[in-house]
Amino acid sequence: MEDSMDRQKEELPKYFQEALGDFVHDAASGGAIRHLLDLGYTTDAIMQKLEFPTPRARVEKTVYRYLTERGILMEELPVSGTDMRSVSVDMRSEAELCALLRQYIEKNGEENSYVSCPFGTIRRDRERRLQKMLSCLTAREREYITGIPWKPQVMYHRLNSRMLEIAVYLTTHSNVEMKFYFFKSKETVVLNGSVY
């Protein structure tokens, strides 16, 4: 019993220390990080803009939390796959694919349009493969993808203008298999016959 109480006493200051650290970080740079994200900055660009020195891991944690809280990044789909109708699309040119996906986004709204992102599953164990996969992107697009601390699973990113451009380019210029989810119309657009 005494050992348990001693452990609790030791853990309590650690908890408060972490909470205080989070509070100080949020006051010093958390708001700035969120603001710069809203302006379209990548994690690397945010690191350069911050006036208060902040470890990269802390910036990435703030980026991840903000993206998930805003619904831009999701670990799981809010709709069951069985409730979605699968629509297979043959590979198209970059322009045709972009136009097709824009029609789906218009019909469903950006907040109901997502793309699967396998980057965390690749990044953890095959960094060179990820770099090769992303090599067709611009430096800024690669920075955006690699600046997100992806969980080691397939995740889902909202099809905002930045991610639409990245997803279309990866689909048409690499061997990445991607799925696009449109929740309002309950459709999954499958390219390259991808299956996760």
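Which residue just after helix 4 takes a positive phi? In this predicted model, the residue is Gly-109, with a phi of about 85 degrees. The helix that precedes Gly-109 and the sheet against which that helix packs are described below.

Helix 4 comprises 15 residues, 94-108, and its first and last C-alpha atoms are 21 Å apart, close to the 21 Å expected at 1.5 Å a residue. Its buried residues are Leu-97, Cys-98, Leu-100, Leu-101, Tyr-104, Ile-105 and Asn-108. Viewed down the helix axis, these residues fall within an arc of 165 degrees, so they line one face of helix 4. On the face turned away from the buried side, Ala-95, Gln-103 and Glu-106 are exposed. The packing partners of the buried residues of helix 4 include four strands, namely strand 2 (85-89), strand 3 (113-117), strand 5 (179-182) and strand 6 (187-191), together with helix 8 (161-173).

The sheet is open and has six strands in the order 1-4-3-5-6-2, with mixed pairing. Strand 1 (73-74) and strand 2 form its edges, each pairing on one side only. Strand 2 is joined to strand 6 in the parallel sense over five bridges, and in this pair Val-87 stands opposite Val-189 of strand 6.

Strand 5 has antiparallel pairings with strand 3, through three bridges, and with strand 6, through four bridges. Towards strand 3, Phe-180 of strand 5 stands opposite Val-115. Towards strand 6, Tyr-181 has Thr-188 as its bridge partner. Strand 5 and strand 6 form a hairpin with four residues between the strands, and in this hairpin Lys-186 takes a positive phi near 55 degrees.

In a regular strand, side chains alternate between the two faces of the sheet. In strand 5, Lys-179 and Tyr-181 point one way, whereas Phe-180 and Phe-182 point the other way. All four of these residues are buried.

Helix 8, one of the elements against which the buried residues of helix 4 pack, lies across strand 3, strand 4 (155-158), strand 5 and strand 6. Helix 8 runs at about 45 degrees to strand 3. Strand 3, strand 5 and strand 6 are thus named among the contacts of the buried residues of helix 4 and also among the strands crossed by helix 8.

Methods:
Residues numbered from 1 in each chain as written. Predicted model: local features only at pLDDT ≥ 70, side-chain atom pairs only at ≥ 80, totals over all residues. Heavy atoms only, no water. Helix = DSSP H or I, 4+ residues; strand = E, 2+ residues; numbered from the N terminus. Expected span 1.5 Å × (residues − 1). Buried < 20%, exposed > 50% of the residue type's maximum accessible area, 1.4 Å probe, protein only. Arc of directions from axis to C-beta. Contact = heavy atoms within 4.5 Å. Pairing = 2+ DSSP bridges. Axes fitted to C-alpha atoms, helices over the stretch in contact; angles between N-to-C directions.
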